[in-house]
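Colleague: I should like to learn how to read strands, a helix and a ligand site in a structure. May we work through one together?

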Amino acid sequence: MFSKILIANRGEIAARIMRTCMSLGVRTVGIYSDADAKALHVQLADEAYWVGGSRVAESYLNMERIIEIAKQTGAEAIHPGYGLLSENAAFAKRCEAEGIVFIGPASGVIAQMGSKIESRKAMEAAGVPVVPGIAHPLSDVEEAVEVADRFGYPVMLKASAGGGGIGMQVVRDEAELRKAYAGNQKRAADFFGDGAMYLEKFIENPHHIEIQVLADSFGNTLFLWERECSIQRRHQKVVEEAPSPFLNSELRIKMGQTAVQAARSIGYRNAGTIEFLVDDQHNFYFLEMNTRLQVEHPVTEEITGLDLVEWQLRIANGERLPFRQEEVSLDGHAIEVRIYAEDPKTFFPSPGTVQKLVFPEGPGVRNETGVNEQSVVTPFYDPMIAKLVVKGSDRQDAVKRLQAALDTYQVEGIKTNLPMLRDVAQHPVFQAGHTTTDFVAKYLQGKS
Ligand code: MV4
């Protein structure tokens with residue numbers, strides 16, 4: 001195993017990675033910005049270094065400074081966490097060039113999956129079902145109209161460099177398409193520096209179901225079941241659970257095997273996630289692949305009993321996965337909710353000092369946090385401050401534990417989305433397991 005690694009991240013995920021390092025006897029190097037000088041992840045690191053100003057561009061995205069710190073401290077590998085540099089192919093490539101292990105897949109694979117057009121192409125070639133659409137950049141609005149006619153409206157116009165909801169638009173007829181085209185292209189160019197767009201058939205009110213995979217450097221690729229992530233608000237996930245209440249065991253296995261086929265076809269190594277849209281008729285379509293550890297990885301850990309960070313480290317260190325697909329268990333039911341520092345009425349971030357913080361406790365309750373009492377939540381970073389993960393013997397048991405845990409959760413000093421999370425947990429539609437992507441808009445609009 002590595003003796004020392006650098007964690008190029010902050011907040012709850014930096015703390016989470018450090019915990020596994022501690023249990024494996026791996027020493028940790030933390031990094032911090034001006035705003036984070038006293039942050040929890042700095043306190044937890046064995047050693048920590050300042051990387052720059054409060055804005056991420058000056059600190060957590062400062063590749064050269066981070067590489068320099070890794071070299072100076074003798075860190076053998078860098079764990080990028082999620083967000084920030086985790087899917088930055090140029091950073092992975094710099095690590096490769098410097099002989100520092102990037103805890104993730106090869107840089108070429110990150111680049112390939114980062115382009116939605118390239119990833120569609122690769123998946124089509126591998127025989128993975130993709131949403132009906134095209135796998136090349138549209139040349140102009142006339143081609144878009146022609147393609148949309150071929151697949152039939154409604155269609156979705158998407159930025160190739162996009163993902164996470166930015167640079168995409170549903171269009172329901174030709175007039176709407178003509179109106180949307182130039183604006184969407186401009187937004188994609190402004191936001192991603194790449195205006196390339198493609199077009200897909202729009203799947204109405206789909207389930208968002210993602211498969212966790214784990215792949216070592218020796219061609220062993222396994223699926224660790226799925227996560228149901230349909231409950232979102234404006235592309236921000238709110239609730240994630242495993243297993244999905246929507247899948248039967250036959251579809252679960254079929255999607256798992258398809259995800260393994262997808263990962264194998266691109267020579268994937270690391271933990272990874274294949275996102276699918278699933279329609280009412282149980283058709284599933286590849287959406288995109290995330291080449292990193294995800295925020296919602298704990299629900300998979302809870303039902304499989306595996307530590308995903310540990311396996312990321314072991315794989316990066318050149319170890320073989322010692323278990324087979326048949327040995328990956330699916331035990332009980334886990335639900336995660338994300339606690340955001342935001343105004344429950346306006347959904348704007350709510351910076352400030354955490355005056356009081358009481359986490360729920362009890363059997364089957366797990367808290368992941370980047371803050372403690374007296375932590376300052378700044379406007380510079382993602383407003384997610386903690387995750388609550390509950391595990392039960394079945395979904396009903398997990399929902400009960402979620403409700404009880406949310407009842408005792410206390411945060412003072414900043415506003416949070418806890419009222420909305422309580423509304424979700426108490427909602428009969430959620431309790432019945434009818435989780436779809438329109439849940440928040442349909443059942444909670446105007447509430448909380
Ligand atoms: C779609 C779709 C319907 N049809 N693509 C949203 C995030 C981005 N990664 C892709 N997204 C979608 N792509 C087609 N062809 C619907 C969504 C979508 C969605 C997907 C997953 C979870 C929540 C969502 C909310 C709105 C739209």
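Modeller: We shall take a sheet, a covered strand, a helix and the ligand in turn. This is a predicted model, in which local features need pLDDT of at least 70 and side-chain atom pairs count only at pLDDT 80 or more, while totals for chains, interfaces and linings use all residues. Residues are numbered from 1 along each chain as its sequence is written, and side-chain values use heavy atoms, with hydrogens and water left out.

Colleague: In what order do the three strands of the open sheet lie?

Modeller: In general, strands of a sheet pair through backbone hydrogen bonds, either parallel or antiparallel. Here the order is β7-β6-β8, with antiparallel pairing. Strands are DSSP runs of E with at least two residues, helices are runs of H or I with at least four, and both are numbered from the N terminus; two strands pair if DSSP finds at least two bridges between them. β6 (residues 155-163) and β7 are joined by five bridges, and Lys158 has Met168 of β7 as its bridge partner.

Colleague: Why is one side of β7 and of β8 left without a neighbour in the sheet?

Modeller: Each stands at an edge with a single partner strand, so one side of each has no neighbour in the sheet.

Colleague: How many residues of strand β16 are buried?

Modeller: In a regular strand the side chains alternate between the two faces of the sheet. Buried means under 20% relative accessible area, exposed over 50%, and partly exposed in between, with a 1.4 Å probe and protein chains only. Eight of the eight residues of β16 (residues 333-340) are buried, so the strand is largely enclosed by the rest of the structure. His333, Ile335, Val337 and Ile339 cover one side, and Ala334, Glu336, Arg338 and Tyr340 the other. β16 runs antiparallel to β21 (residues 384-392), with eight bridges between them.

Colleague: Which residue follows helix α10?

Modeller: Gly305 follows, with a positive phi near 75°. In α10 itself (residues 297-304), seven of the eight residues are buried, including Pro298 and Ile303.

Colleague: Which residues come nearest to the ligand?

Modeller: Of the 17 residues around the ligand (those with a heavy atom within 4 Å of it), Lys158, Glu200, Lys201, Ile203 and Glu288 come nearest. A polar contact is a pair of N or O atoms within 3.5 Å. The side chain of Glu200 has an N or O atom 2.8 Å from a ligand nitrogen atom, and a backbone N or O atom of Ile203 is 2.9 Å from a nitrogen atom of the ligand.

Note on methods. Polar contact = N/O pair within 3.5 Å; in protein donor to acceptor, adjacent residues only side chain to side chain.
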